[in-house]
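Here's a short set of exercises on cysteines and their links. Have a look at the model, then work through them.

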Amino acid sequence: MALPQMDSSNMQIVQDLEIEMMADMYNRMTAACQKKCIPTNYKTADLIKGEAVCLDRCVAKYLEIHDQIGKKLTQLSMQDEDFMKRVQTEQKK
């Protein structure tokens with residue numbers, strides 16, 4: 001099953017969706033890591049070492065999980081595509 005050709009308007013929609021998804025992920029990561037690592041009653045404007053380390057680890061974990069989920073979704077999508085090809089082949093027989 002060949003993928004349909006994308007015209008420029010469809011490509012723009014895909015690009016806009018990708019940007020929106022990345023911005024959403026960034027906003028969620030920022031909120032989650034800030035909530036986890038920075039107390040609401042902070043005394044200085046600068047990050048202290050413990051906060052900075054916590055933020056580094058939080059962001060690394062968030063991005064790692066995001067990557068793992070993306071790979072799993074790609075794998076599932078490929079399995080679905082293979083299944084659909086087999087079903088179409090069987091229907092033609």
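**Exercise 1.** Decide whether Cys37 is buried or exposed.

*Solution.* Start with the cut-offs: buried means under 20% relative accessible area, exposed over 50%, and partly exposed in between (1.4 Å probe, protein chains only). Cys37 has a relative accessible area of 7%, so Cys37 is buried. A quick note on the source: this is a predicted model, where local features need pLDDT of at least 70 and side-chain atom pairs count only at pLDDT 80 or more, while totals for chains, interfaces and linings use all residues. Residues are numbered from 1 along each chain as its sequence is written, and side-chain values use heavy atoms, with hydrogens and water left out.

**Exercise 2.** Find which residue Cys37 is joined to by a disulfide, and work out the handedness.

*Solution.* A disulfide is a pair of cysteine sulfur atoms within 2.5 Å. Cys37 pairs with Cys54, at 2.0 Å from S to S. Next, the torsion about their S-S bond is about -70 degrees, so this disulfide is left-handed. Cys37 sits in helix H1 and Cys54 in helix H2, so the link ties together parts 17 residues apart in sequence. (Helices, H or I, of at least four residues, and strands, E, of at least two, are DSSP runs numbered from the N terminus.)

**Exercise 3.** Describe the disulfide of Cys33, then give the overall pattern.

*Solution.* Cys33 is joined to Cys58, S to S 2.0 Å. This link connects distant parts of the chain, 25 residues apart: Cys33 in helix H1 (residues 8-37) and Cys58 in helix H2 (residues 49-92). With -85 degrees about the S-S bond, the link is left-handed. For burial, Cys33 comes in at 2% relative accessibility and counts as buried; Cys58, at 11%, counts as buried too. Finally, the structure holds two disulfides, and counting bonded cysteines along the chain gives the pattern 1-4, 2-3.
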